[in-house]
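Got a protein in front of you and not sure where to begin? Let's walk through it together, one stop at a time.

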Amino acid sequence: CSYSSSTVQKIRYPDGSVKLRNPNIELMDQDILYHLALGSESHDLVEMFGDIKFICMGGTPKRMETFANFIMEEIGHKLPTGTTLLDISQYSYRYCMYKVGPVLSVSHGMGVPSISILLHEIIKLMYHARVKDPIFFRIGTCGGIGLEGGTVVVSEEAVDAMMNNYYEVPMLGKLVRRPAKLDRKLVRELKNLADPEDPYVTTSGKTMCTSDFYEGQGRLDGAFCEYTESDKLDYLESLRNQGVVNIEMEAIPFAALTHHAGIKSAIVCVTLLDRQKGDQVMAPKEVANEWQIRPQKLVARYIKRYLQMK
Ligand code: R2B
Ligand code: URA
């Protein structure tokens, strides 16, 4: 479950804006968000980002640029004539970032370290910009377990490759654990936005986050492999029996760091294949591109609903 409202109060200011659980930041003359190519003194972050409500992140810069253009259409946001969207973080040469009205579309790269660095800087950005009650979404891809390619999965829980539901980070030579919790209400709301007319399945379950795509996900087609196909299939079946429906590489830090900051978050991924049927991602580009729009559509429905209710 998510934080009780009293805990959230302690993590947020009374007006809902993000409080940092780090006393050092407010004592600093300036805070450089190095990997975003932004800074608290070099940029007016309140002016630039103060009206943000939704932060949508996904692995690749191209997908997040597509999402920015898609959400612009969906919410009817107009740019000044003759202008196009600008990648705010282009000079970081690390992540991309587009702002479309109340929506920020950001890439997070692949894997735990990459999304963890991004989350530190995005959460600080929320604080500097005095953003109130932001909602974070990860819009991603994954391997399905017993789910055919193109299935949309809303994560109910995140587990690591050892089935732990926390993010364990070595700090000063000691392991620190942070619970990886997602917002249950948001999961229900997202699932309810699946349209029975959608020509694909939208489901939910546990998401396993690994730190490798090949051996870490039980693949047989990496540069190395020291187990048999039957070991792999037994393993995937045991994951399935424990409620794991998909495997990806960012769910644990995403769930844990948003939860630690008192920020509501959800993960919506599309499966690129059924891992019980194979390892290689073989869907043709056009098919994979259409599949990748599916989580975007669900999140766009949520955002539109929210903006209409305001
Ligand atoms: C899904 O796809 C990527 C690996 O191909 C990784 O970022 C993930 O979570
Ligand atoms: N992303 C993953 O991490 N695993 C897959 O199998 C597909 C996409």
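What follows is a tour of some strands, two ligand sites and a handful of single residues.

One thing to keep in mind from the start: this is a predicted model.

Let's begin with strand β7, which covers residues 152-160. Seven of its nine residues are buried, so this strand is mostly covered, given that buried means under 20% relative accessible area. Who are the neighbours of β7? One of them is strand β10 (residues 202-209), which pairs with β7 in the parallel sense over eight bridges. You can find this pairing by looking at particular residues: V154 sits opposite S204 in β10, and E157 has K206 of β10 as its bridge partner.

β7 also pairs with strand β12 (residues 264-274), but here the two run antiparallel, with three bridges joining them. To spot this one, look for V152, which stands opposite V270 in β12.

Now step from β10 to β11. These two strands run parallel and are joined by four bridges. K206 is a handy landmark here, as its bridge partner in β11 is V244. That is the K206 we just met as the bridge partner of E157.

Next, the ligands. Let's take ligand 2 and ask which residues surround it. The list is T141, C142, G143, F213, Q217, R219, I247, E248, M249, L273 and R275. Sorted by class, this shell has five nonpolar, three polar and three charged residues. Two side chains are worth zooming in on. Q217 places a polar side-chain atom 2.8 Å from a nitrogen atom of ligand 2, while R219 has a polar side-chain atom 2.7 Å from an oxygen atom of that ligand. How much of ligand 2 does the protein cover? On its own, ligand 2 has 240 Å² of accessible area, and the protein covers 93% of this. The elements that give two or more residues to the shell are β6 (135-144) and β11 (244-248). Of these, β6 supplies the largest share, three residues.

Ligand 1 has its own set of residues around it: M110, R138, T141, F213, E248, M249 and E250. Do you recognise some names? T141, F213, E248 and M249 appear around ligand 1 and are also listed around ligand 2. By class, the ligand 1 shell divides into three nonpolar, one polar and three charged residues. Look for E250, where a polar side-chain atom lies 2.5 Å from an oxygen atom of ligand 1. M249 takes part through its backbone, with a polar atom there 2.8 Å from an oxygen atom of the ligand. R138 has a side-chain N or O atom 3.4 Å from an oxygen atom of ligand 1. The protein covers 80% of the 260 Å² of accessible area that ligand 1 has on its own.

Now for a few single residues. Find W291 in helix α8, which covers residues 285-309. Is W291 buried or exposed? Its relative accessibility is 14%, so W291 counts as buried. Leaving out residues up to four places away in sequence, W291 touches G149, G150, V270, T271, L272 and A283. You've met V270 before: it is the residue of β12 that stands opposite V152. For a sense of distance, W291 and S265 are 26 residues apart along the chain, and their C-alpha atoms are separated by 22 Å.

C225 is in the loop between β10 and α6 (229-241). With a relative accessible area of 31%, C225 is partly exposed. Not counting residues up to four places away in sequence, C225 touches E215, R219 and L220. R219 is the residue with a polar side-chain atom 2.7 Å from an oxygen atom of ligand 2. As for E215, its C-alpha lies 6.8 Å from that of C225, with the two 10 residues apart in sequence.

Last, two residues with a backbone angle to look at. Y93 is in the loop between α3 (61-75) and β4 (97-100). Its phi is near 55 degrees, a positive value in a residue other than glycine. Y93 is exposed, because its relative accessible area of 66% is over 50%. R130 also has a positive phi, about 55 degrees, although it is not a glycine. You'll find R130 in the loop between α4 (112-128) and β6. At 55% relative accessibility, R130 counts as exposed.

Notes. Residues numbered from 1 in each chain as written. Chains lettered and ligands numbered in written order. Predicted model: local features only at pLDDT ≥ 70, side-chain atom pairs only at ≥ 80, totals over all residues. Heavy atoms only, no water. Near = heavy atom within 4 Å. Polar contact = N/O pair within 3.5 Å; in protein donor to acceptor, adjacent residues only side chain to side chain. Areas by Shrake-Rupley, 256 points an atom, 1.4 Å probe, with all protein chains shown as cover. Nonpolar A, V, L, I, M, F, W, Y, C, P; charged D, E, K, R; others polar. Buried < 20%, exposed > 50% of the residue type's maximum accessible area, 1.4 Å probe, protein only. Pairing = 2+ DSSP bridges. Contact = heavy atoms within 4.5 Å.
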